[in-house]
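Reader: Could you take me on a close look at the enclosed space inside this protein, and then at what surrounds it? I would enjoy one connected walk through the part, with the numbers where you have them.

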Amino acid sequence: MRHTPAMESAVLAFVSDHQGPVGARAVAQHLRKHGFDVSESTVSRLLSDLDERALTQSLGRKGRILTEEGSRVAANQQLDRRRESYFADALILRDVHDLLDHLAGRRGIEREAARAAALRARPEEVTRLRAMVESDPAARWRERLAFHKTIGDASHNKQIQAITTTLFDERLDPLERLLIMIGIKQDALLRWDREHRDIVAAISDRDADGAERLMVVHLDGMIHETEQFANSGNAHVIHTLLAEIDLA
Ligand SMILES: [Zn+2]
């Protein structure tokens, strides 16, 4: 059996956390305890592979320690895992409070996305945005979050893109249905559509201040509508729909 990158990082983390050298048997026990079904030979191949790549160093019968490079790789992997778990947790919306935080986070980042898009969007991206807001109403229903995602991409700012990619993760697509329902109940859908058109007009006029301001107005409105909807006895509706969003 071949060892996997997941096994490899589990071993690096284990050796890194361990005081002193670690023997092959302890590594095998650790992997099995964490659900990896490994044979002795898989473990010994994995360890010699790490030796060859100068991530671990064998101290003979005492076991192995991490090299300087091995420690660096283990530390980076830990940072990656921590970041992944922050992002994974941010995608789990449980209640009205989480949903409002999500929208407020979007307001903070999307105002900058809209500003940058006005300055940096390529002509074909402006054309695509225009097509999105001019399409017939039935098609527009599916394009609300895609519209916002496209503005994030068109910012051509990789800091913004890294965050918007998470905010508009496909796993949050069902959230669109919830927001549309709130829009319908609060009688806000037509206004939201008009705001989308205004944002595109500002981006296509290369009006950065205008695009930013209009995006803030748009998200402020959505936050307000969500609060109103929740406060008029519908918090449970939001909670039920959020619970149906499967993030597995
Ligand atoms: Zn919108």
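Author: Happily! In this predicted model, a search of the whole structure turns up 3 cavities of 30 Å³ or more. The largest cavity holds about 80 Å³ of space. Its lining is made by Arg106, Arg144, Leu145, His148, Glu176, Leu179, Trp192, His196, His218 and Met222. Four helices give two or more residues each to that lining: α8 (144-154), α10 (173-185), α11 (189-204) and α12 (208-244). By character, the lining residues of the largest cavity divide into 4 nonpolar, 3 polar and 3 charged.

Which element gives the most to the lining of the largest cavity? That is α8, with 3 residues, so let us stay with this helix for a moment. Of the 11 residues of α8, 8 are buried, so the helix is largely enclosed by the rest of the structure. The buried residues are Arg144, Leu145, Phe147, His148, Thr150, Ile151, Gly152 and Ala154. Arg144, Leu145 and His148 are also named in the lining of the largest cavity. A general point about helices may help you here: with 3.6 residues a turn, residues three or four places apart point the same way, so one face of a helix can be followed along its length. After α8 comes His156, which has a positive phi, near 50°.

It helps to place this in the chain. The domain assignment gives domain 1 (5-85) and domain 2 (91-244), and the C-alpha centres of these two domains lie 44 Å apart.

Now for the charged pairs. Side chains of opposite charge can pair when their charged atoms come close. The count of salt bridges comes to 14. One of them joins the side chains of Glu8 and Arg53, at 2.9 Å from N to O. Glu8 belongs to helix α1 and Arg53 to the loop between α3 (40-52) and β1 (56-58), so this pair ties together parts that are 45 residues apart in sequence. Are its two partners buried or exposed? Glu8 has 14% relative accessibility and therefore counts as buried, while Arg53, at 39%, counts as partly exposed.

Right beside Glu8 in the numbering is Ser9, found in helix α1 (residues 5-17). Ser9 counts as buried because its relative accessibility is 15%, where the cut-off for buried is under 20%. Leaving aside neighbours within four places in sequence, Ser9 is in contact with Gln77 and Arg81.

Another salt bridge pairs Glu40 with Arg32, at 3.4 Å from N to O. Arg32 is partly exposed, its relative accessible area being 39%. A further one runs between Arg64 and Asp51, whose closest N and O atoms are 2.7 Å apart. This pair links distant parts of the chain, with Arg64 in strand β2 (residues 64-66) and Asp51 in helix α3, 13 residues apart. Arg64 counts as buried at 16% relative accessibility, whereas Asp51 counts as partly exposed at 23%. Finally, salt bridges that share partners join Arg111, Arg115, Asp209 and Glu212 into one network.

Note on methods: Residues numbered from 1 in each chain as written. Predicted model: local features only at pLDDT ≥ 70, side-chain atom pairs only at ≥ 80, totals over all residues. Heavy atoms only, no water. 1 Å grid on protein atoms, 1.4 Å probe; cavity = no way out; pocket = protein on both sides within 12 Å on 5 of 7 lines; lining within 4 Å. Points joined across faces, edges and corners; volume = space filled by probe spheres on them. Nonpolar A, V, L, I, M, F, W, Y, C, P; charged D, E, K, R; others polar. Buried < 20%, exposed > 50% of the residue type's maximum accessible area, 1.4 Å probe, protein only. Contact = heavy atoms within 4.5 Å. Domains from an automatic or database assignment. Salt bridge = Lys/Arg side-chain N within 4 Å of Asp/Glu carboxyl O.
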